[in-house]
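Here are my comments on the structure, set out as numbered points. Please read them with the sequence and the model side by side.

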Amino acid sequence: MTWQKNITEIADGIFRTTNGNADEMIAIGRIIKAGFPCSRVDITNSKYDAIIELENKKLLRTQIKGVGSGTVNFTGGSRSGAQISRTAPSRTYKYTIEDCDLFVAIDSNVGDCYIIPIQDIDAWGNTKTLTTLQNYKENWQYLLDLGRS
């Protein structure tokens, strides 16, 4: 079942931000439901969105991205909208181990989580389709194994 979205017809730019915040909260809820303590980072421009505590007390800086189109984007720093100057230099960057330890993509349509070690992203381009990431779908075992090592 696909979730209802923007049935109140919020303006597109405002809804994009709202939907991204909702995706983060849903992913954090899914992480907590899986049994891992998780806290949201409330700094808007942080390079990670949440902290997950593993069984061995290790903390993972976690970047969360909602995916509504079927393609995961592994970059940050870009903004869009009428208020953004098109002449300003690009601030877009690809996430690396310097920025976060874990990347969680959440399918914005159904809530499936893709748990991806940040090291795996290094070898890829800036985007990947969810269909090519099926071995990461609901990959909670990775967090269990990491917490026990």
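1. Gly35 comes after helix 1 and has a positive phi, near 110°. The model is a predicted one, and the backbone angle at Gly35 should be read as part of that prediction.

2. Helix 1 covers residues 12–33. Its 22 residues should span 32 Å at 1.5 Å a residue, and the end C-alpha atoms lie 31 Å apart, so the two values agree.

3. The buried residues of helix 1 are Phe15, Asn19, Asp23, Glu24, Ala27, Ile28 and Ile31. They pack against several elements, among them strand 1 (38–40), strand 3 (59–67), strand 7 (102–107) and helix 3 (140–148).

4. Which side chain of opposite charge is nearest to the buried Asp23? That side chain is Lys5, 6.1 Å away, and Asp23 has no salt bridge. A salt bridge here requires the nitrogen and the carboxyl oxygen to be within 4 Å, so a distance of 6.1 Å does not qualify. The Asp23 side chain does make a polar contact of 3.1 Å with the side chain of Ser108. Beyond its neighbours within four places in sequence, Asp23 is in contact with Ile64, Gly66, Val67, Ile106 and Ser108.

5. Glu24, also in helix 1, is buried, with a relative accessible area of 13%. Glu24 forms a salt bridge with Arg40, with the closest N and O atoms 3.3 Å apart. Arg40 is in strand 1 and Glu24 in helix 1, so this pair ties together parts 16 residues apart in sequence. Arg40 counts as partly exposed, at 31% relative accessibility.

6. The structure holds seven salt bridges. One of them joins Asp99 and Lys47, whose closest N and O atoms are 3.4 Å apart. Asp99 sits in the loop between strand 6 (93–94) and strand 7, and Lys47 in the loop between strand 1 and strand 2, so the pair ties together parts 52 residues apart in sequence. Asp99 is buried at 9% relative accessible area, whereas Lys47 is partly exposed at 35%.

7. Arg61 and Asp101 also meet in a salt bridge, at 3.1 Å from N to O. This pair links distant parts of the chain, 40 residues apart: Arg61 belongs to strand 3, and Asp101 to the loop between strand 6 and strand 7. Arg61 counts as partly exposed at 22% relative accessibility, and Asp101 as buried at 18%.

8. Strand 3 pairs with strand 2 in the antiparallel sense over four bridges, with Glu53 opposite Leu59. The two strands form a hairpin with five residues between them, and Lys57 in the turn has a positive phi of about 75°. Strand 3 also pairs with strand 7, in the parallel sense over six bridges; there Lys65 has Ala105 as its bridge partner.

Technical notes
Residues numbered from 1 in each chain as written. Predicted model: local features only at pLDDT ≥ 70, side-chain atom pairs only at ≥ 80, totals over all residues. Heavy atoms only, no water. Buried < 20%, exposed > 50% of the residue type's maximum accessible area, 1.4 Å probe, protein only. Lys, Arg positive; Asp, Glu negative; His and termini not counted. Polar contact = N/O pair within 3.5 Å; in protein donor to acceptor, adjacent residues only side chain to side chain. Contact = heavy atoms within 4.5 Å. Expected span 1.5 Å × (residues − 1). Pairing = 2+ DSSP bridges.
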